[in-house]
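The following exercises are to be worked with the sequence and the three-dimensional structure at hand. Each task is followed by a solution in steps.

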Amino acid sequence: MIPITVPQSLSKITPFVRRAEELDRIRLHHPECRVVAYYCRNYAAGIAFTIATTDDEMECLDKILAQIQPCGESITGVFT
């Protein structure tokens, strides 16, 4: 996935977005990383929903949400 540019005003979510991106890079060796990356993005989106007001912030939120959907679908059955 392409790294997301997080505006300075959304600095609260930067660690969660970066961690999800890091986990995406190693998920081939550790399938459970997909689950943690999904929850990192989900948490970041939840925070961004409450504080995003500008166009840049909303664009960042849209990009996070666009990455959440395929992740949610791909984690089905990871632990079964």
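A residue is called buried when its relative accessible area is under 20%, exposed when that area is over 50%, and partly exposed in between. The model examined here is predicted.

**Exercise 1. Describe the secondary structure and overall burial of the protein chain.**

Step 1. Count the elements: the protein chain contains 3 helices and 0 strands.

Step 2. Read them in order along the sequence, which gives the pattern α-α-α.

Step 3. Apply the burial cut-off to the 80 residues of the protein chain; buried residues make up 38% of them.

Step 4. Consider the surface. The accessible surface of the protein chain is about 5,100 Å², and carbon and sulfur atoms account for 57% of that area.

Step 5. Consider the contacts with a separation of 6 or more: 58% of them join residues 24 or more positions apart.

**Exercise 2. Classify Glu-21 as buried or exposed, and identify its salt-bridge partner.**

Step 1. Compare the relative accessibility of Glu-21 with the cut-off. The value is 10%, so Glu-21 counts as buried.

Step 2. Search for a partner: Glu-21 forms a salt bridge with Arg-18, with 2.8 Å between the closest N and O atoms.

Step 3. Classify Arg-18, which is partly exposed with a relative accessible area of 34%.

Step 4. Relate the pair to the helix. Glu-21 and Arg-18 lie 3 residues apart in helix α1 (residues 14-26), and therefore about one helical turn separates them.

**Exercise 3. Analyse two further salt bridges and state how they relate to the helices.**

Step 1. Begin with the total: the count of salt bridges comes to 4.

Step 2. Take Glu-22, which pairs with Arg-19 at 2.5 Å between the closest N and O atoms. These two residues are 3 residues apart in helix α1, about one helical turn. Glu-22 is partly exposed at 36% relative accessibility, and Arg-19 is partly exposed with a relative accessible area of 36%.

Step 3. Take Arg-41, whose side chain meets that of Asp-24 in a salt bridge of 2.3 Å, N to O. Arg-41 belongs to helix α2 (residues 33-51) and Asp-24 to helix α1, so this pair ties together parts that are 17 residues apart in sequence.

Step 4. Classify both members of the pair. Arg-41 is buried at 2% relative accessibility, and Asp-24 is buried with a relative accessible area of 13%.

**Exercise 4. Test whether the length of helix α2 agrees with its number of residues, and list its buried residues.**

Step 1. Calculate the expected span: at 1.5 Å a residue, the 19 residues of α2 should span 27 Å.

Step 2. Compare this with the model. The end C-alpha atoms of α2 are 27 Å apart, which agrees with the expected span.

Step 3. List the buried residues of α2: Cys-33, Val-35, Ala-37, Tyr-38, Cys-40, Arg-41, Ala-44, Ala-45, Ile-47 and Ala-48.

**Exercise 5. Locate the nonpolar cores and the contacts made by one member.**

Step 1. Recall the general expectation: in soluble globular proteins, nonpolar side chains tend to be buried together.

Step 2. Examine the largest nonpolar core, which has 15 residues; Ile-4, Val-6, Ile-13, Val-17, Cys-60 and Ile-64 touch the most other members. The elements giving two or more residues to this core are α2 and α3 (55-74).

Step 3. Follow Ile-4. Neighbours within four places in sequence aside, Ile-4 contacts Val-17, Arg-18, Glu-21, Cys-60, Lys-63, Ile-64 and Gln-67.

Step 4. Note a second, separate core of 5 residues, which includes Ala-20, Cys-33, Ala-37 and Cys-40.

**Exercise 6. Which residues does Leu-23 touch beyond four places away in sequence?**

Step 1. Place the residue: Leu-23 lies in helix α1 and is buried at 3% relative accessibility.

Step 2. List the contacts, which are with Cys-33, Val-36 and Ala-37.

Step 3. Add a backbone distance. Leu-23 and Ala-37 are 14 residues apart along the chain, and their C-alpha atoms are separated by 5.9 Å.

**Exercise 7. How many disulfides does the structure contain?**

Step 1. Search the whole structure, which yields 0 disulfides.

Step 2. Check the burial of two cysteines: Cys-33 is buried with a relative accessible area of 9%, and Cys-60 is buried with a relative accessible area of 2%.

Definitions and conventions
Residues numbered from 1 in each chain as written. Predicted model: local features only at pLDDT ≥ 70, side-chain atom pairs only at ≥ 80, totals over all residues. Heavy atoms only, no water. Disulfide = S-S within 2.5 Å. Buried < 20%, exposed > 50% of the residue type's maximum accessible area, 1.4 Å probe, protein only. Helix = DSSP H or I, 4+ residues; strand = E, 2+ residues; numbered from the N terminus. Contact = heavy atoms within 4.5 Å. Areas by Shrake-Rupley, 256 points an atom, 1.4 Å probe, with all protein chains shown as cover. Expected span 1.5 Å × (residues − 1). Core = buried A, V, L, I, M, F, W, Y, C linked by side-chain atoms within 4.5 Å.
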